[in-house]
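The exercises below are meant to be worked through with the sequence and the 3D structure open side by side. Each task is followed by a solution that goes step by step.

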Amino acid sequence: NDDFPGLMNFVQEVDTATLGGRDKTETLGFYGNGRVALNSNYTNVDKMNTVYDKAVESGFHPSRGDKNGTQAVAYHEMGHALSDYIGSKNGMDIDQASKAIVERAYKATKGKGGTKAWAGKISGYAQENYAECVAEAVCDYYCNGNKASSASKAIVKEMKNF
């Protein structure tokens with residue numbers, strides 16, 4: 001809230017959601033239409049820590065630092081909300097805003113190898129697309145602080161510049 005004071009007026013709901021099918025075990029949380037939700041299947045912090053830590057070990061997500069897995073997933077989903085918020089303030093949709101944020105951060109750091117390879121400094125999931133890159137960067141930045149990747153720090157810096 002200190003870094004993005006208007007966000008809390010933009011996000012309309014933070015809650016849990018009961019998911020079915022593959023999403024019940026494969027989706028830890030989601031963001032859409034002003035709603036941040038965590039999978040109710042993972043509301044037990046120890047269970048979320050176990051699942052999240054396995055994803056960190058495989059390189060899929062960034063470290064959770066001194067936060068718990070639930071907090072890490074919440075930061076990730078708030079990263080999507082931030083992209084949507086920034087986009088709404090600048091006449092862009094969430095995907096356009098995410099792309100602009102990543103491309104500006106990449107250019108500011110004089111990144112090499114393309115944005116996808118650069119996103120790999122954050123996590124494997126960050127390489128999926130621009131929106132996931134931003135969300136993973138927000139998670140990394142708020143979970144790891146000064147120990148976050150240089151790419152994550154650059155992305156959050158660009159977000160603050162919007």
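**Exercise 1. The largest pocket**

Which element gives the largest share of the lining of the largest pocket, and how many residues come from that element?

*Solution.* Keep in mind throughout that this is a predicted model. Begin with the space itself, since the largest pocket holds about 340 Å³. Its lining is made up of 22 residues, and those closest to the centre are G29, H76, E77, Y125 and E132. Next, assign the lining to elements: two or more residues come from each of β2 (29-32), α3 (45-57), α4 (69-89), α5 (94-108) and α7 (130-144). Within that list, the largest share belongs to α4, which supplies 5 residues. Finally, sort the lining by class, which gives 13 nonpolar, 5 polar and 4 charged residues.

**Exercise 2. The second largest pocket**

Find the residues that line the second largest pocket, and decide which element contributes the largest share of that lining.

*Solution.* The space in the second largest pocket comes to about 200 Å³. Reading along the sequence, its lining consists of N1, D2, D3, F4, L7, M8, Y75, M78, L82, V138 and Y142. Placed on the elements, these residues show that α1 (7-10), α4 and α7 each give two or more to the lining. The largest share is again a contribution of α4, here with 3 residues. By class, the lining has 8 nonpolar residues, 1 polar residue and 2 charged residues.

**Exercise 3. The nonpolar cores**

Which residues have the most contacts inside the largest nonpolar core, and which residues does I155 touch?

*Solution.* The largest nonpolar core has 29 residues, and L7, W118, I155 and M159 are those with the most contacts inside it. Two or more residues of this core come from each of α4, α5, α6 (115-119), α7 and α8 (150-161). Taking I155 as the example and leaving out residues up to four places away in sequence, one finds that it touches I101, V102, A105, W118, I122, C133, V134 and A137. A second core, separate from this one, has 9 residues, among them L38, Y42, A72 and V73.

**Exercise 4. A residue of helix α4**

Is T70 buried or exposed, and with which residues is T70 in contact beyond its neighbours in sequence?

*Solution.* First locate T70, which lies in helix α4. Its relative accessibility is 19%, and T70 therefore counts as buried, given that the cut-off for this class is under 20%. Once neighbours within four places in sequence are set aside, the contacts of T70 are L38, Y42, V45, M48 and N49. Two of these, L38 and Y42, are also included in the second core.

**Exercise 5. Strand pairing around β3**

Work out how β3 is joined to β1 and to β2, and in which direction each pair runs.

*Solution.* Strand β3 covers residues 35-39, and 4 of its 5 residues are buried. On the β1 side, 5 bridges join β3 to strand β1 (residues 13-17), and the two strands run parallel. Within this pairing, D15 has A37 of β3 as its bridge partner. On the β2 side, 4 bridges join the strands, which here run antiparallel. A37 also appears in this second pairing, where it stands opposite F30.

E13, a residue of strand β1, offers a further check on the parallel pair. Although E13 and R35 are 22 residues apart in sequence, their C-alpha atoms are 4.7 Å apart in space. Beyond neighbours within four places in sequence, E13 is in contact with G34, R35 and V36. With a relative accessible area of 33%, E13 is partly exposed.

**Exercise 6. Positive phi angles**

Where do N33 and K110 lie, and are they buried or exposed?

*Solution.* The strands β2 and β3 form a hairpin with 2 residues between them, and N33 is in the turn. Its phi is near 50 degrees, a positive value in a residue that is not glycine. N33 has a relative accessible area of 74% and is therefore exposed. K110, by contrast, is found in the loop between α5 and α6. Its phi is positive too, at about 55 degrees, although K110 is not a glycine. The relative accessible area of K110 is 65%, so this residue is exposed.

Technical notes:
Residues numbered from 1 in each chain as written. Predicted model: local features only at pLDDT ≥ 70, side-chain atom pairs only at ≥ 80, totals over all residues. Heavy atoms only, no water. 1 Å grid on protein atoms, 1.4 Å probe; cavity = no way out; pocket = protein on both sides within 12 Å on 5 of 7 lines; lining within 4 Å. Points joined across faces, edges and corners; volume = space filled by probe spheres on them. Nonpolar A, V, L, I, M, F, W, Y, C, P; charged D, E, K, R; others polar. Core = buried A, V, L, I, M, F, W, Y, C linked by side-chain atoms within 4.5 Å. Buried < 20%, exposed > 50% of the residue type's maximum accessible area, 1.4 Å probe, protein only. Contact = heavy atoms within 4.5 Å. Pairing = 2+ DSSP bridges.
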